[in-house]
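Biologist: Please take a close look at one part of this model, the strands and how they pair. I would like a connected account rather than a list.

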Amino acid sequence: MADYYGDIGEAVLNVTDYDNNPPIPVISTSVIQQMEYAINAAQTTDPDSDYVVAYEYLIDGEITTDKYGYENSDNPKDLLNPGMAGIKGTYIISTPLSVVKHVFQTSGTHVIYVRAKDSLGLWSKWSRLNIDI
């Protein structure tokens, strides 16, 4: 269609379908002293190159929801909101810290879980690491 002056314009619109993939948490530990450990998730990556903006740590607890997804206020059955995907143990919720310290109270095998959230709000599944102290 021509405008008032008879000029014809053209617009090009590129639409990209972007599926957001969840981050992939990677856990490692290092001894600080005796029973004190650094739990490190700094090697966590996002396949879409989004920023990782939050982490959750669950130490010696139980996972109640192990799926990826967005925080949900409409359906509390999904339990993807911070602090609602695990129970018991030591639960550090929705922190921007990729490294946390923890002092274990007993020797033996301990289980560490970490999940991560990208800048688009998508939480990952939990990653698990067993350590022997």
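Modeller: Two strands count as paired here if DSSP finds at least two bridges between them. The model is a predicted one. By that criterion strand 3 and strand 7 (residues 90–95) pair in the antiparallel sense, with 4 bridges between them. Within this pairing, Leu58 has Tyr91 of strand 7 as its bridge partner. Strand 3 is also joined to strand 9 (residues 109–118), again running antiparallel, by 7 bridges. There, Glu56 is matched with Arg115 of strand 9. Burial adds to the picture of strand 3 (residues 52–59): 6 of its 8 residues are buried, so the strand is largely enclosed by the rest of the structure. Buried is taken as under 20% relative accessible area. In a regular strand, side chains alternate between the two faces of the sheet.

A further group of strands forms an open sheet of 3 strands in the order 1-2-8, and its pairing is antiparallel. Its edges are strand 1 (28–33) and strand 8 (99–103); each has a single partner strand, so one side of each has no neighbour in the sheet. From one strand to the next, the twist averages 25°. Strand 2 (residues 36–40) runs antiparallel to strand 8, and 5 bridges join the two. One position in this part of the sheet can be named: Ile39 stands opposite Val100 in strand 8.

Terms used
Residues are numbered from 1 along each chain as its sequence is written. This is a predicted model: local features need pLDDT of at least 70, side-chain atom pairs count only at pLDDT 80 or more; totals for chains, interfaces and linings use all residues. Side-chain values use heavy atoms; hydrogens and water are left out. Axes are lines fitted to C-alpha atoms, for helices over the stretch in contact, and angles run from 0 to 180 degrees between N-to-C directions. Buried means under 20% relative accessible area, exposed over 50%, partly exposed in between (1.4 Å probe, protein chains only).
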